[in-house]
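Please examine the sequence and the model shown here before reading on. The paragraphs after it are meant to be followed with the structure in view.

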Amino acid sequence: METGPHYNYYKNRELSIISAPFSGGQGKFGVEKGPRYMLKHGLQSRLEELGWSTELEATLDEAEFVTKLKKEKESSTGGSSVLDGGVKAKRADMVGEATEMVYKSVSKVVQAGRFPVTLGGDHSVAMGTVSAVLDKFPEAGVLWIDAHADINTIETTDSGNLHGCPVSFLMGLNQDIPGCPESLKWVPGNLSPKKIAFIGLRDIDAGEKKILKDLGISAFSMYHVDKYGINAVVEMAMKAIHPETNGEGPIMCSYDVDGVDPLYIPATGTPVRGGLTLREGLFVVERLAETGNLVALDVVECNPDLAIHDIHVSNTISAGCAIARCALGETLL
Ligand SMILES: NC(=[NH2+])NCCC[C@H](N)C(=O)O
Ligand SMILES: [Mn+2]
Ligand SMILES: [Mn+2]
């Protein structure tokens, strides 16, 4: 019987909590408050208690970006999303700027041999986190926990919200589309479709379904979770991203809290019923901690402003923090 957690890649147990308080990848204010609320909830000291030495890393300035976003909303072009060539990408300049700042911070952290825990912010910030992690671990596979596939291109997106598109940018699917914003051209786009697996899907756009199918991407929906159970699904997902080594190899987990059912995590921008139970959601990261192969974690899309009751805020923030703690070994003996 294996006794974990053991961190193959981070034996020295040093991590950095990277705040990525950005909301421009979607239209609702409040998601930029996620990092601040999670830190106020005591995340840093709880991770220290697990035996990690921790540092805080700032990326972009929360207030500065809120001001910029408010200005943009008031301006005449505010909200308009159709670019040259008829493609859509709302606030592409800001998303490009913010995600590149996140990329630089996460790069600094991983290159220094520290484990990056990035707190969003909306899911567009993963363009930065995943790119930085792939520089350090080119063989890494990504597990994307989410109700959504976030793989729309600037051609297929209906909403024009770039938090619905980070995976297509990470795979370089937009680079040759006429009208692709210059601001997003910094994304290397070198994630192979074979190196990502989704868990928790239940709200996928028609264009996204086609991309998933055409590229043969591993996607485990809630149907699969019900059919096989969450343990088998995580096992299949790990084998899918590391097929030659029977699931062994560096794993990055990009965790959108809307993967978990809104019963448990209600304060998020695009909630979808029928999601993971809180236990299933925590099990995923507990299992990853147990493998010793986790090299990076994002926890994104907590939006305290979208709570109707105060209890929704604390449920959401405490669940977000629990995801981070379980990924870093809390519940393993
Ligand atoms: N990170 C998220 N919560 N993404 C939601 C995306 C929703 C929808 N598929 C869109 O493209 O707009
Ligand atoms: Mn989502
Ligand atoms: Mn997402």
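The text below turns to the metal site, then to the pocket and cavities, then to a helix and some backbone features.

The model is a predicted one, and its metal site is a suitable place to begin. The manganese ion (ligand 3) takes its protein donors from His123 (ND1), Asp146 (OD), Asp150 (OD) and Asp256 (OD), which lie 2.0 to 2.2 Å from the ion. Along the sequence these donor residues follow the spacing H-x22-D-x3-D-x105-D. The pair His123 and Asp256 links distant parts of the chain, 133 residues apart. His123 belongs to the loop between strand S3 (115-120) and helix H5 (126-136), whereas Asp256 belongs to strand S7 (residues 251-256).

The manganese ion (ligand 2) is coordinated at 2.1 to 2.4 Å by Asp146 (OD), His148 (ND1), Asp256 (OD) and, through two OD entries, Asp258. In sequence, its donors are spaced D-x1-H-x107-D-x1-D. How far apart are the manganese ion (ligand 2) and the manganese ion (ligand 3), and which residue bridges them? The distance is 3.3 Å, and Asp146 is the bridge. Asp256 also appears among the donors of the manganese ion (ligand 3) and among those of the manganese ion (ligand 2).

Are His123, Asp256 and Asp258 buried or exposed? The cut-off for a buried residue is a relative accessible area under 20%. His123 has a relative accessibility of 0% and therefore counts as buried. Asp256, at 2%, also counts as buried. Asp258 has a relative accessible area of 1%, so this donor is buried as well.

The open and enclosed spaces of the protein come next. The largest pocket has a volume of about 290 Å³. It is lined by 20 residues, of which His148, Ser159, His163, Gly164 and Thr270 are the closest to its centre. His148 is thus named both in this lining and as a donor of the manganese ion (ligand 2). By class, the lining of the largest pocket holds 11 polar and 9 charged residues, with no nonpolar residue.

The cavities number 2 when those of 30 Å³ or more are counted. The largest cavity has a volume of about 60 Å³. Phe169, Gly172, Asn174, Gln175, Cys180, Leu184, Lys185 and Val187 form its lining, which divides into 4 nonpolar, 3 polar and 1 charged residues. The second largest cavity encloses about 50 Å³. Its lining consists of Ser23, Gln26, Gly27, Lys28, Phe29, Leu69, Glu72, Lys73 and Arg91. In this second lining, 2 residues are nonpolar, 3 are polar and 4 are charged.

Helix H7 (residues 206-214) shows how burial can be distributed around a helix. Which of its residues are buried? They are Glu208, Ile211 and Leu212. Viewed down the axis of H7, the buried residues fall within an arc of 100 degrees, so they line one face of the helix. An α-helix has 3.6 residues a turn, so residues three or four places apart point the same way. The buried residues of H7 pack against strand S5 (196-201). On the other side of H7, the exposed residues are Ala206, Lys209, Lys210, Lys213 and Asp214. Just after the helix, Gly216 adopts a positive phi of about 65 degrees.

Further backbone features lie in loops. Gly120 and Gly121 are joined by a cis peptide bond, with omega at about 15 degrees. Gly121 lies in the loop between S3 and H5, the loop that also holds the metal donor His123.

Two residues other than glycine have positive phi values. For Asn246, phi is near 55 degrees; this residue sits in the loop between helix H9 (230-241) and S7. For Glu301, phi is near 75 degrees, and its place is in the loop between strand S8 (294-300) and helix H11 (310-327). Which of the two states, buried or exposed, applies to Asn246 and to Glu301? Asn246 has a relative accessible area of 55% and is therefore exposed. Glu301 has a relative accessible area of 1% and is therefore buried.

Technical notes
Residues are numbered from 1 along each chain as its sequence is written. Chains are lettered from A and ligands numbered from 1 in the order in which they are written. This is a predicted model: local features need pLDDT of at least 70, side-chain atom pairs count only at pLDDT 80 or more; totals for chains, interfaces and linings use all residues. Side-chain values use heavy atoms; hydrogens and water are left out. Buried means under 20% relative accessible area, exposed over 50%, partly exposed in between (1.4 Å probe, protein chains only). Helices (H or I, at least four residues) and strands (E, at least two) are DSSP runs, numbered from the N terminus. The arc is that of the directions from the helix axis to the C-beta atoms. Contact means heavy atoms within 4.5 Å. Donors are N, O and S atoms within 2.8 Å of the metal (3.2 Å for Na, K and Ca); water is not among the atoms, so sites may look incomplete. On a 1 Å grid over the protein atoms alone, a cavity is a set of points where a 1.4 Å probe fits but cannot get out, and a pocket is an open set with protein on both sides within 12 Å along at least five of seven lines; lining residues have an atom within 4 Å of a point. Grid points are joined across faces, edges and corners, and a volume is the space filled by probe spheres set on the points. Ala, Val, Leu, Ile, Met, Phe, Trp, Tyr, Cys and Pro count as nonpolar, Asp, Glu, Lys and Arg as charged, and the others, Gly among them, as polar.
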